[in-house]
Amino acid sequence: MKILFIHGFVEDHSIFNEVRISIAQGEQIAIDLEKVLADWHDAPEDLDVQKMAVYLIQKYEITSQDCVIGHSMGGWIASYMKEESGCKAILLASLTDQKKLITPLTNPTLIKYLIKFGIFQSSMMESFLKKGYKFPESKQLYDGLID
């Protein structure tokens with residue numbers, strides 16, 4: 001049995017380090033979505049979560065005997081992987097009701113262009129995100145992930 005770990009947005013595979021220590025069985029695969037996307041040379045321009053799920057199923061040969069553990073956005077991907085392959089899925093803090101999100105940006109088209117033109121990756125945005133983070137127990141981890 002394979003256990004695939006999928007991190008959330010603004011995270012990397014290290015978010016699962018403590019969890020992975022406590023799991024003694026199965027082949028553990030902690031993926032790095034940034035690397036997976038960089039290596040996916042024929043990724044479709046209209047990439048969405050379902051296409052990503054199918055790609056990960058094929059890439060890692062996920063079957064109904066396997067388990068996918070996803071955090072936040074990774075849980076969203078994991079839910080589609082379960083739908084497509086019949087694997088088990090564990091969703092951690094995932095599938096938020098969009099109406100509950102507190103965000104100044106709600107227009108998907110505007111968000112798309114801000115991403116496309118690199119605004120979200122700017123040093124100004126990084127500073128803004130770091131300054132606004134209010135949880136001291138995970139601030140160091142958060143800042144490192146933002147970097």
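What share of the 147 residues in the chain is buried? I looked this up before anything else in the entry, and buried residues come to 27% of the chain. I note here that the model is predicted.

**Overall dimensions**

I compared the chain with the globule rule. A compact globule of 147 residues would have a radius of gyration near 15 Å, and the chain has 16 Å, so the two agree. I also took the box along the principal axes, and the C-alpha atoms fill roughly 45 × 35 × 30 Å.

**Surface and charge**

I recorded an exposed area of about 10100 Å² for the chain. Carbon and sulfur atoms supply 57% of that area. I then turned to the charges, of which the chain has 15 positive and 20 negative. Their mean positions lie 5 Å apart.

**Elements and contacts**

I counted seven helices and four strands. Read from the N terminus, the order is β-α-β-α-α-β-α-β-α-α-α. I checked how far apart in sequence the contacting residues are. Taking contacts between residues at least 6 apart, I found that 49% join residues at least 24 apart.

**Strand E3**

I went to strand E3, residues 67–71, and asked how many of its residues are buried. Four of the five are, so E3 is largely enclosed by the rest of the structure. For this step I used the cut-off for buried, which is under 20% relative accessible area.

I followed the pairing of E3 next. Strand E1, residues 2–6, pairs with E3 in the parallel sense over four bridges. Within this pair I located Ile6, which stands opposite Gly70 of E3. E3 is also joined to strand E4, residues 88–92, by five bridges, and these two strands run parallel. Here I located Ile69, whose bridge partner in E4 is Ile90. I therefore have E3 pairing with E1 and with E4, and I keep in mind that side chains in a regular strand alternate between the two faces of the sheet.

**Lys2**

I looked at one charged residue in E1, namely Lys2. Is Lys2 buried or exposed? Its relative accessibility is 16%, so I enter Lys2 as buried.

I listed its contacts, leaving aside neighbours within four places in sequence. Lys2 touches Glu27, Ile29, Tyr60, Glu61, Ile62, Asp66 and Cys67. I note that the acidic residues Glu27, Glu61 and Asp66 are among them. Cys67 is also on the list, and residue 67 belongs to E3.

Key: Residues numbered from 1 in each chain as written. Predicted model: local features only at pLDDT ≥ 70, side-chain atom pairs only at ≥ 80, totals over all residues. Heavy atoms only, no water. Rg over C-alpha atoms; globule rule 2.2 N^0.38 Å. Buried < 20%, exposed > 50% of the residue type's maximum accessible area, 1.4 Å probe, protein only. Contact = heavy atoms within 4.5 Å. Areas by Shrake-Rupley, 256 points an atom, 1.4 Å probe, with all protein chains shown as cover. Lys, Arg positive; Asp, Glu negative; His and termini not counted. Charge placed at Lys NZ, Arg CZ, Asp CG, Glu CD. Pairing = 2+ DSSP bridges.
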